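Me: I am new to this structure. Please take one part of it and look at it closely, then show me how that part sits in the whole.

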Amino acid sequence: MRNGEVSFWFSQLDPEPPRPALDGDLDVDVAIVGAGYTGLWSAYYLAKADPALRIAVLEAHHVGYGASGRNGGWVANSITGGREDDAKRVGRATVGRFQEIFNEAVDEVGRVCAAEGIDAHYVKGGELLVARNPAQLGRLLAEAKHEESWPEDEAVLLSAAETNQRVRVAGALGGMYVPHCARIQPARLARGLAHAVERLGVTIYEGTTVLSLEGRAAGQPAGALTARAVTDRGTVRAAQLLRCTEGFTASIKGLKRDWLPMNSSMIVTEPLGDTLWEEMGWQGAETLEDMAHGYVYLQRTKDGRIAIGGRGKPYKYGSATDLDGDTPPETVAALSRQLHSMFPGTTGVGIEHAWSGVLGVPRNWKSTVGLDPATGLGWAGGYVGTGVTATNVAGQTLADLVLGWDTERVRMPWVNRTVRKWEPEPLRWIAVHAMYALFYGADRSEDRRGSTTRWWAHAANALSGRGH
Ligand SMILES: Cc1cc2nc3c(=O)[nH]c(=O)nc-3n(C[C@H](O)[C@H](O)[C@H](O)COP(=O)(O)OP(=O)(O)OC[C@H]3O[C@@H](n4cnc5c(N)ncnc54)[C@H](O)[C@@H]3O)c2cc1C
């Protein structure tokens with residue numbers, strides 16, 4: 001089994017020569033930090049809207065090195081942190097429209113792939129949530145009830161039999177199907193987007209680490225190139241500077257406690273034979289998730305493998321981030337156990353690759369996108385585990401903000417949201433480990449006894465700040 005090496009998705013691509021690093025100081029109109037989906041989508045929509053803009057993307061490693069080249073490939077319509085709090089703040093109608101914008105972005109990813117000739121293995125097959133014990137079913141039914149007030153999602157509750165008709169997951173007691181989700185090969189999207197923005201005249205500098213960011217000097221006009229990204233290869237001066245570093249943000253000066261870097265790990269099987277696919281009844285491209293607190297997420301790859309991910313070891317002390325995705329054997333074993341439990345026919349099937357990545361978790365679990373017009377500093381991230389579609393919406397929104405366009409996107413509830421910082425260590429470490437101990441403890445108890453959710457799972461939800 002291969003371990004780390006960024007991801008299985010990258011191991012499937014032909015190697016490309018690295019792009020040159022920044023070579024000394026540079027002046028541009030817009031500098032973007034990070035060549036993940038957020039940075040690349042922002043560059044894409046900006047360059048499309050104004051071909052005259054000089055845009056540079058500064059990337060510490062290589063295109064797609066972060067979560068964008070490692071994720072589960074779910075292009076889902078989930079809004080990180082839910083909709084209820086925002087509905088109370090800005091009204092139900094605005095949040096309903098926000099949900100529709102996410103639905104539309106699922107299609108937009110497919111549209112751009114087709115328009116730009118990006119073969120990201122995009123197939124829109126919807127998302128299937130499966131309850132596998134009575135406690136999970138209780139949560140699923142509550143979720144379905146909640147969905148009644150958000151018809152934009154078009155979620156459909158499924159009986160056990162209907163769930164099995166879609167995919168035969170062992171022990172399924174019921175399910176929920178949401179049509180707004182596609183499956184992709186993540187590294188192919190990252191690489192394809194990078195080529196697309198380069199064709200539009202954007203320059204990507206790889207092997208260039210941004211050490212600190214400074215906003216435009218006070219009193220300078222909006223177009224002045226006085227915002228600065230200080231890198232290990234030179235200083236970039238720009239009118240606008242977009243920070244698109246998600247789970248790595250804590251490594252930038254002054255931002256240690258903004259978004260907590262949370263780990264997620266994946267394994268992928270060898271290609272499965274037709275007989276096994278028929279036995280599993282998984283003939284479409286639905287993405288799949290269970291209803292456990294420490295849930296797993298799965299996709300059927302284009303070449304007939306199962307890729308399954310879960311939380312793994314959630315957090316490293318001091319907001320440290322991993323490098324090339326090395327994954328501990330106990331995480332590989334735990335994900336394999338989950339896979340075998342959902343699909344007993346996969347027991348004995350080889351695991352070909354394991355890897356991990358980091359995602360950014362805000363203290364209130366709510367993602368943000370914004371631009372401070374006074375300083376020219378912009379940002380987007382904190383998507384927790386649902387960033388693939390959100391990065392597209394964020395990229396479109398950052399482009400609108402940079403260009404000063406008054407679109408409906410810039411009036412959505414996540415724009416310029418303020419988020420409180422995480423606690424200093426050791427509290428951060430203790431809080432995250434306590435939360436996951438509660439999640440996994442509750443899951444084990446629910447599996448064993450089939451009992452309803454215990455008080456400690458409710459406590460974990462309160463601690464995590466998660467909600468609908
Ligand atoms: C294992 C895993 C599975 C996931 N599965 C899903 C899924 O199925 N669906 C979903 O919606 N979401 C999923 N996510 C989350 C999703 O992948 C992310 O939210 C999304 O890719 C974030 O994109 P990004 O561009 O903001 O950040 P990233 O992709 O992390 O990109 C940030 C980039 O910035 C660069 N960088 C960082 N610091 C610096 C610096 N100082 N200087 C220069 N460059 C820097 C990094 O090298 C990196 O390339 C998953 C995440 C992981 C880790």
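Reply: Start with one term. A residue counts as buried when its relative accessible area is under 20%, and as exposed when that area is over 50%. Partly exposed residues fall in between. Keep in mind that this is a predicted model.

The part to look at is helix H7. It covers residues 186–199. Its length can be checked with simple arithmetic. At 1.5 Å a residue, these 14 residues should span 20 Å, and the end C-alpha atoms of H7 are 20 Å apart, so the two values agree.

Now apply the term. H7 is mostly covered, with 10 of its 14 residues buried. Among them are Pro 186 and Ala 187 at the start of the list, then Leu 189, Ala 190 and Arg 191. Gly 192, Leu 193 and Ala 194 are buried as well. Ala 196 and Val 197 complete the set.

What do these buried residues pack against? They meet three helices: H1 (8–11), H2 (37–49) and H4 (92–116). They also pack against strand E10 (203–205).

Pick one residue of H7 to see this in detail. Leu 193 lies in this helix. Its relative accessible area is 0%, so Leu 193 is buried, the cut-off being 20%. Setting aside residues up to four places away in sequence, Leu 193 touches Tyr 37, Leu 40, Trp 41 and Ile 118. Val 130 is another matter. It is 63 residues from Leu 193 along the chain, and the two C-alpha atoms are separated by 33 Å.

Compare that with a pair elsewhere. Val 6 and Arg 70 are 64 residues apart in sequence, yet their C-alpha atoms are 6.9 Å apart in space. Val 6 sits in the loop between strand E1 (2–3) and H1, and H1 is one of the helices that the buried residues of H7 pack against. Val 6 has a relative accessible area of 9%, so this residue is buried too. Beyond its neighbours within four places in sequence, Val 6 is in contact with His 62, Tyr 65 and Arg 70. Asp 324, Trp 355 and Ser 356 are also among its contacts.

The backbone of Val 6 deserves a look. Most residues other than glycine have a negative phi. Val 6 is not a glycine, but its phi is positive, at about 70 degrees. Glu 154 also has a positive phi without being a glycine, at about 55 degrees. Glu 154 is in the loop between helix H5 (134–147) and strand E7 (156–159). At 45% relative accessibility, Glu 154 counts as partly exposed.

Now step back to the whole. The chain has 12 helices and 21 strands. Its radius of gyration is 21 Å, close to the 23 Å that the globule rule gives for 468 residues, so the chain is as compact as a globular protein of that length. The C-alpha atoms fill a box of roughly 65 × 50 × 45 Å along the principal axes. Of the 468 residues, 59% count as buried. Among contacts between residues at least 6 apart in sequence, 78% join residues at least 24 apart.

Last comes the outside. The accessible surface is about 18000 Å², and 55% of it belongs to carbon and sulfur atoms. The chain has 49 positive and 54 negative side chains. The centres of these two sets lie 5 Å apart.

Technical notes
Residues are numbered from 1 along each chain as its sequence is written. This is a predicted model: local features need pLDDT of at least 70, side-chain atom pairs count only at pLDDT 80 or more; totals for chains, interfaces and linings use all residues. Side-chain values use heavy atoms; hydrogens and water are left out. Helices (H or I, at least four residues) and strands (E, at least two) are DSSP runs, numbered from the N terminus. The radius of gyration is taken over C-alpha atoms; the globule rule is 2.2 Å times the number of residues to the power 0.38. Buried means under 20% relative accessible area, exposed over 50%, partly exposed in between (1.4 Å probe, protein chains only). Contact means heavy atoms within 4.5 Å. Accessible areas come from the Shrake-Rupley method with a 1.4 Å probe; for residues, only the protein chains shown count as cover. Lys and Arg count as positive and Asp and Glu as negative; His and the chain ends are not counted. The place of a charge is taken as NZ of Lys, CZ of Arg, CG of Asp or CD of Glu. The expected span of a helix is 1.5 Å times one less than its number of residues.
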